Structure formats: C-alpha cells, structure tokens
Amino acid sequence: MPRIMNAMEQANLDPAVLKERFRVRLDALLNEVRQWLSADPRVLVTDHRYVVEDPFGRYEAPGLQISAEGRIIAELVPEAGVVIAADGRVNLVGEIDRLTILYLTGPGRFESTINGVQHFGRNLFPQFSQEGWYWLRNNEGPEVRFVDEATFRLMIPAVSDFEVRVRS
Amino acid sequence: MGPKASQVLDRIEREIEFARFDELLDLYKGWLDPNHVGLIKQIKDCRDWISHRNPKKTKPAVIEPITAHKLLSTAMDALS
C-alpha cells in the first residue's frame with residue numbers, strides 16, 4: 001500500500017472514509033459550479049462520470065461537461081482523491097489549457113524547533129484563507145487562489161475562448 | 001558545516017551503497033518538520049512510480065512539478 005495520507009493532516013483514517021470524503025467535497029464543488037453557471041442562459045452543464053486512478057484504486061467519480069453554442073467549452077474532471085500536499089485534485093480542461101484545482105485544509109505550515117528555539121517556519125501555500133478548493137497557478141512558484149464565483153468566471157476563459165456572463 | 005553533518009557523513013560513508021532514501025531523510029528530522037519529511041518521501045514514491053512504472057502496483061499520490069519544486073527547495077532552505 002503506498003503512502004496515501006496527506007501528511008499535513010496526520011489523520012489515521014480508513015481509505016474508504018477518505019474516498020467518501022473526497023466524493024462529498026467534489027459534490028460540493030460541482031453543485032457550486034452548476035449554480036454559478038446557471039446565471040448564463042447560454043451555458044449548459046451536464047453531469048458526466050470520469051475514471052479516476054489514484055492511491056484509492058481505479059474508480060468512477062462525477063464531473064461536469066460545460067457546453068455553450070453547441071460545443072463543449074470546458075470539462076471539470078476529477079483527477080485524484082488525494083495528492084501530495086493536498087486533499088484532492090480536479091482539472092478544468094478546455095481546448096486552450098488545463099487548470100489545476102486542489103482541495104486544501106490548511107496553508108501547509110512547516111516548522112522546526114531545535115533546542116527550544118524556532119529554527120524554521122514557512123507556509124507552502126501562504127495565500128490559504130479557508131478550507132476549500134483552490135486554483136493552483138504558477139507565478140514563479142505555486143500560488144493558490146480560492147475558487148469562488150468570481151475566480152471561476154476567470155478560469156473558464158483561461159481554458160476556452162468563451163466568457164461566462166456576470167450574474168445580474 | 002552544520003550540526004549533525006558529521007553524523008550524516010559517517011552514515012553515508014558506511015552505507016552509501018545500501019542506503020535507503022527514507023532512512024537518510026529521517027536523519028534530518030528535527031531540522032525539518034516531520035510533515036515536510038513525509039511529503040518529500042511521497043515525492044520520492046511518485047518519482048519511483050514514474051521511472052519504474054509497474055501496472056500491477058497502485059498509483060501513488062502525485063504532485064504538480066511546481067509544488068514539488070517548492071517543497072524540495074523549502075527543505076534546502078531549512079537545512080542551510
């Protein structure tokens with residue numbers, strides 16, 4: 001059995017529990033995205049199932065196909081229930097690009113204390129603000145941005161040539 | 001040369017041909033956050049899986065290259 005725990009959490013949980021937790025968190029993201037995109041009548045969101053291969057094995061998980069003007073402009077594809085330094089990954093895939101979305105429960109704080117004196121302290125994701133899904137970007141290093149409606153509206157044109165209309 | 005370096009060198013000289021990466025990393029616990037060490041070991045698992053992909057083995061946790069680079073460079077910063 002490979003190491004599957006995100007070491008930042010240190011929770012001694014059963015893989016079945018972790019897999020179910022990923023599914024719940026994934027469902028929450030999909031529900032939010034459906035709601036955000038419902039503001040634009042040109043956009044059609046369809047449920048789709050994808051094959052995920054990760055330390056939990058090979059299994060199906062839900063995702064979304066996002067269509068407009070008679071074509072798929074982007075897909076929200078579940079990638080893994082656990083990745084190194086995060087608790088799940090989803091990709092937003094379009095014709096132009098593929099964006100990474102990670103589930104974070106904390107900033108990834110690393111500290112060490114030697115002889116009672118703090119020797120080192122740094123956050124892997126200093127932009128972390130609250131538990132949830134984050135867009136991972138490369139800005140001369142990893143930079144994360146919480147995925148809310150405004151952020152997601154920026155992500156769609158980043159992977160396709162389609163602009164989602166703002167909720168009025 | 002930082003503290004513990006002599007201990008590390010002695011160990012490397014004795015066992016370099018047989019050393020396990022995991023065990024060498026464990027020598028740095030204290031200087032590195034144990035969670036940090038755990039994540040670096042997972043990066044090694046991921047690297048080994050990519051290099052020697054065995055379809056019979058379960059896919060390990062993977063990592064984006066920019067995050068791997070940050071984790072490893074942060075470890076070097078902590079040790080310097």
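User: In what order do the elements of chain A run from the N terminus on?

Analyst: In this predicted model, it helps to begin with the succession of elements, which in chain A reads α-β-β-β-β-β-β-β-β-β-α from the N terminus on, a total of 2 helices and 9 strands.

User: How should I read the sheet, and which strands are at its edges?

Analyst: A sheet is read by the order in which its strands pair, and here an open sheet of 7 strands in chain A follows the order β1-β2-β3-β4-β5-β8-β9 with antiparallel pairing. The edge strands are β1 (43-54) and β9 of chain A, each of which pairs on one side only, and the twist from one strand to the next averages 30 degrees.

User: What joins strand β8 to strand β9 in chain A?

Analyst: Pairing is read from bridges, and 5 bridges join β8 (residues 132-138) to the antiparallel β9 (residues 142-146) in chain A, with A:N138 standing opposite A:P142 of β9(A). These two strands form a hairpin with 3 residues between them, and A:E140 in the turn has a positive phi of about 55 degrees.

User: Where do helices α1 and α2 of chain A lie?

Analyst: For a helix, one asks which strands it lies across and at what angle it runs. Helix α1 (residues 15-37) of chain A lies across β1, β2 (57-68), β3, β4, β5 (98-104) and β8 of chain A, running at about 5 degrees to β2(A). Helix α2 (residues 149-159) of chain A lies across β3, β4, β5, β8 and β9 of chain A, and runs at about 150 degrees to β5(A).

Definitions and conventions:
Residues are numbered from 1 along each chain as its sequence is written. Chains are lettered from A and ligands numbered from 1 in the order in which they are written. This is a predicted model: local features need pLDDT of at least 70, side-chain atom pairs count only at pLDDT 80 or more; totals for chains, interfaces and linings use all residues. Helices (H or I, at least four residues) and strands (E, at least two) are DSSP runs, numbered from the N terminus. Two strands pair if DSSP finds at least two bridges between them. Axes are lines fitted to C-alpha atoms, for helices over the stretch in contact, and angles run from 0 to 180 degrees between N-to-C directions. Two residues are in contact if their C-beta atoms, placed from the backbone, lie within 7 Å.
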